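I opened my notebook beside the model and jotted down what I looked up, entry by entry. Come along and check each one on your own screen.

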Amino acid sequence: MRRAIPSTQALACFEAAARHESYTRAAQELALTQGAVSRQVIALEEFVGVALFRRTRHGVALTPAGEAYARKVRGWLLGMERDTLDLMAHQGTGGTIKLAAVPTFATRWLMPRLPQLAKIHPDITVHIDVQTRPFLFTDTGFDAALYAGTPEQVHNWPGIEALHLMDEDVVPVCSPQLLARAVQRALGRAWQPLAPQALADLPLLQQSTRPQGWVQWFQSVGVDAPRAMDGPRYELFSMLAVAATQGMGVALMPPMLVEAELARGELVIASAQPLRGERGYYLITPAQQMPSTVLTAFSTWLHRMAQPSHAAAG
């Protein structure tokens with residue numbers, strides 16, 4: 001049975017004409033005549049049985065159906081171009097993954113570990129774009145996503161399969177200089193974490209997307225903290241990490257997102273009382289679609305790296 005797929009030439013002409021809303025400018029871009037572009041668009045309209053453009057006094061304008069179709073065609077053509085360039089670059093071996101990811105987790109946890117992926121799978125290339133909200137894979141060119149959310153949010157993401165990687169446990173962290181203001185340390189001795197009550201007297205850094213974070217932490221350790229919601233608010237964990245290293249206050253952070261600062265001594269754990277967050281980190285892939293060998297290898301490696309033994313080693 002013949003597939004209902006228009007010619008690539010017709011789609012390329014339509015996409016260019018839709019982007020410019022001009023047959024003339026599309027023809028200039030594609031090095032064709034205006035008549036050739038017009039004929040390709042007419043052939044496409046006859047193929048789909050839908051008017052994609054309406055003629056105006058000044059040229060052409062997209063119909064609502066044409067506007068919606070143009071967005072999809074643009075994504076298809078970009079994906080085809082990307083896949084062709086990837087095939088040419090890898091000469092038929094290995095492959096690429098286009099990954100959507102929440103920014104701080106990608107920057108601070110995934111990217112420092114990608115050299116280990118390269119050692120095991122040197123033929124796999126990972127492209128990363130920022131995406132913080134659920135999306136439909138059919139509307140994008142993404143192969144997978146790294147997502148931070150609650151189990152309910154993951155359950156409500158349609159058309160996906162989710163692999164749980166880790167929970168988002170948080171602990172209070174701060175700079176050594178700030179900790180020195182609250183506790184005396186003998187020379188040559190390591191920093192000793194504070195009692196939870198002592199943290200209530202230190203400046204607290206708030207995360208705007210989790211406004212109840214400190215309230216929940218103090219409740220979990222049985223401490224009354226009237227100022228639990230005071231302090232400057234920042235949206236991203238990366239912002240909190242920078243503010244904490246500069247001595248501006250104590251931040252509730254997943255330790256995995258400040259591994260480098262803890263290793264360099266720029267941050268210390270102010271209290272070893274973790275709070276199990278409602279959110280976790282997941283690898284999201286399209287459902288009902290056979291994963292490629294490249295995606296399977298990446299998924300297996302990622303899940304292994306997220307296990308406690310590997311996370312501690314990282």
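**Entry 1: an aromatic residue in a loop**

Which residues does Phe142 touch, not counting residues up to four places away in sequence? Before listing them, I noted that this is a predicted model. I found Lys98, Leu99, Ala100, Asp129, Gln131, Phe135 and Phe137 touching Phe142. Phe142 itself is in the loop between β4 and β5. Buried or exposed, I wondered of Phe142? Its relative accessible area is 12%, and because buried means under 20%, I wrote Phe142 down as buried. I also checked a pair that is 63 residues apart along the chain: the C-alpha atoms of Phe142 and Gly79 are separated by 9.1 Å.

**Entry 2: the strand β3 and its partners**

Next I went to β3, residues 95-101. I counted six of its seven residues as buried, so this strand is largely enclosed by the rest of the structure. In which sense do β3 and β4 pair? They pair in the parallel sense, over seven bridges, with β4 covering residues 124-130. I picked out one position here: Ile97 stands opposite Val126 in β4.

I then looked at β5, residues 144-149, and found that β3 pairs with β5 in the parallel sense too, over three bridges. Ala100 has Ala145 in β5 as its bridge partner.

**Entry 3: the core and α13**

How many residues has the largest nonpolar core? I read off 42 residues, and those with the most contacts inside this core are Trp109 and Phe298. Helix α13, residues 293-305, gives the largest share of this core, seven residues.

I followed Phe298 outwards, leaving aside its neighbours within four places in sequence. Its contacts are Ile97, Leu99, Leu117, Val126 and Leu283. Two of these names were already in my notes as the opposed pair Ile97 and Val126 of the strand entry.

Which residues of α13 are buried? I listed Val294, Leu295, Ala297, Phe298, Trp301, Leu302 and Met305. Seen down the axis of α13, the buried residues fall within an arc of 160°, so they line one face of the helix.

I could not resist a quick check on the length of α13. At 1.5 Å a residue, its 13 residues should span 18 Å, and the end C-alpha atoms are 18 Å apart, which agrees. The expected span takes 1.5 Å times one less than the number of residues, so anyone redoing the sum should start there.

**Entry 4: helix α5**

Trp109 sent me to α5, residues 103-110. Six of the eight residues of α5 are buried, so I noted this helix as largely enclosed by the rest of the structure. The buried ones are Thr104, Phe105, Ala106, Arg108, Trp109 and Leu110.

**Entry 5: cysteines**

How many disulfides does the structure hold? I found zero. I looked up two cysteines all the same: Cys13 is buried at a relative accessible area of 0%, and Cys174 is buried with a value of 0%.

**Entry 6: positive phi values**

I turned to the backbone angles with a reminder to myself. Most residues other than glycine have a negative phi. Glu21 has a phi near 50°, a positive value, and I placed Glu21 in the loop between α1 (8-20) and α2 (23-30). Glu21 is partly exposed, with a relative accessible area of 38%.

Where does Ala31 lie? I found Ala31 in the loop between α2 and α3 (34-48). Its phi is near 60°, again positive, and Ala31 counts as exposed at 68% relative accessibility.

**Entry 7: a loop and a hairpin**

I noted Asn156 in the loop between α7 (151-155) and β6 (160-174). Asn156 is exposed, with a relative accessible area of 58%. From Asn156 to Pro134 I read 9.3 Å, C-alpha to C-alpha, for residues 22 apart in sequence.

My last stop was the hairpin that β1 and β2 form, with two residues between them. β1 (residues 53-56) and β2 (residues 59-62) pair in the antiparallel sense over four bridges. Which residue stands opposite Arg55 in β2? I closed the page with Val60.

Notes
Residues are numbered from 1 along each chain as its sequence is written. This is a predicted model: local features need pLDDT of at least 70, side-chain atom pairs count only at pLDDT 80 or more; totals for chains, interfaces and linings use all residues. Side-chain values use heavy atoms; hydrogens and water are left out. A nonpolar core is a set of buried Ala, Val, Leu, Ile, Met, Phe, Trp, Tyr and Cys residues joined through side-chain atoms within 4.5 Å. Buried means under 20% relative accessible area, exposed over 50%, partly exposed in between (1.4 Å probe, protein chains only). Contact means heavy atoms within 4.5 Å. The arc is that of the directions from the helix axis to the C-beta atoms. A disulfide is a pair of cysteine sulfur atoms within 2.5 Å. Two strands pair if DSSP finds at least two bridges between them.
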